[in-house]
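Dear colleague,

I am handing over the structure below. My notes on one helix and one sheet follow.

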Amino acid sequence: MQLKNSTRIAALGIVAAISLTGCAAGSDSGSTDGAVDCTPADGKVELSYTSWIPGIENVVAIWNEKNPDIQVTVQTGPNGNGGTYKNFFNQLSAGNAPDLGQIEYDALPNFRVQDGLTNLASCDIVADSQDQFIDWTWNQVSFGEEDAVYAIPQDTGPMAMYYRADLFEAAGIPVPTTWDEYAAAAAKIREQGGYITNFPQNDVNWFAGLVWQKDGSWFTNDGDAWDVTLTSPESEEVASYWQDLIAGDLVSKVPAWTDEWNNAYNTGSDWTWISAVWGANSISSGAPDTAGKWAVAPMPQWTAGEEKAGNWGGSSTAVLTGSEHPYEAAQFALWLNTDDEALTALNKEANLYPATKAGLDLPVLSEGVEFYANQKIYDVFADAANQTNADFTWGPTMTQTYADVADGFGKVLGGEGTLSDALATGQTKTIAALEAAAIPVNK
């Protein structure tokens, strides 16, 4: 994996920033800095786990059947930035957070800064598992530190292009391989009454994945202070490109993850989706009438002949502050993300792409996927994973950054301002948020 070395640098940068927040070290269970007391409990244990993975209850049922003394109750909710993270922070403040929660890699720094993660480094079963995971994912959950493990890696999110192969063929429109071709295809599709894709307001991490492909970065850290670069030349070029599509009414603007959004794909109104590997399930579940009509191709390239991809998402399973049973919670989190039966079930239920080294060799990942006309779609994502530039650093206030940029994106979709304006506002507010948290910023 190409992400290893640079992601470690990014993780160390996050550590540098977090160390400057004044977050005190502690030794109580749930402290973010002191390793937790990882003693097994006596007797039966009941755990709660919140996730937005489709079909997660079916995967957890496998565990519950095999582990009668450690029972896990699933609580489902919207995706992280769609409301689950806000709920987590409210629950942590009230002292009633679930034992375990699904948290994306880019959001882990937020939770650590706010003392929401349990350091599982003292749990031998966790420390001994490091070699099972792709190196860069372990650095994401340890922040590159020794004696620190704040979550168990779950999956990654290499990006590609889902497209309606039947519609492109019927219309005689070539499947785009460059962003210039994508814009040209968008105009032709609009002439037929459709849209090439949807531009979402709230999925700012999707937009970040597009900047990532462009070799842009939103944060860097020199060990002393942060540079915030939401308005980098690469970001501006991506913003200008999509601004033109929005202004030309070449993309739909319905809220993502809604019935209206699903219907646009189910009826053939929207023809493509630039998305991560886990998006395969979103299409199959949201557009069931289109089975066998979709295919997957690499992301369009900025320069013909290049082979570059972005990354959108990728999650971990964290034990949240306040859990009374961190050892048992760690047991479940490890099983969920390392056991072959669990990984196969997660893929079949939600098309998750494992973060374990052995998981990448699961038979299910070498099979054709029926919904996608039996195409071996994971081969495309395997290539994308190796074409992703790791020089994209997550800052320690990503949740706030996403919210601020999303507000600006919403205004653009309503006809006010530009995507560049939204990035500029997001940059200003992000710097203010870092300064408010006593995190040094270069200006």
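In α8, the buried residues (under 20% relative accessible area, 1.4 Å probe, protein chains only) are W179, Y182, A185, A186 and I189. They lie on the same side of α8, because they cover an arc of only 110 degrees around the axis, taken from the directions from the helix axis to the C-beta atoms. D180 and E191, on the other side of α8, are exposed (over 50%; partly exposed is in between).

This is a predicted model, in which local features need pLDDT of at least 70 and side-chain atom pairs count only at pLDDT 80 or more, while totals for chains, interfaces and linings use all residues. Residues are numbered from 1 along each chain as its sequence is written, and side-chain values use heavy atoms, without hydrogens and water.

Helices (H or I, at least four residues) and strands (E, at least two) are DSSP runs, numbered from the N terminus. Helix α8 spans residues 179–191 and reaches 19 Å from its first C-alpha to its last, close to the 18 Å expected (1.5 Å times one less than its number of residues). Just after α8, G193 has a positive phi of about 95 degrees.

The sheet is open, with five strands in the order β2-β1-β3-β10-β4 and mixed pairing; two strands pair if DSSP finds at least two bridges between them. β2 (70–76) and β4 (152–153) each have a single partner strand, so one side of each lacks a neighbour in the sheet. β3 (residues 100–104) and β10 (residues 315–319) are antiparallel over five bridges, with I103 opposite S316 in β10.

Regards
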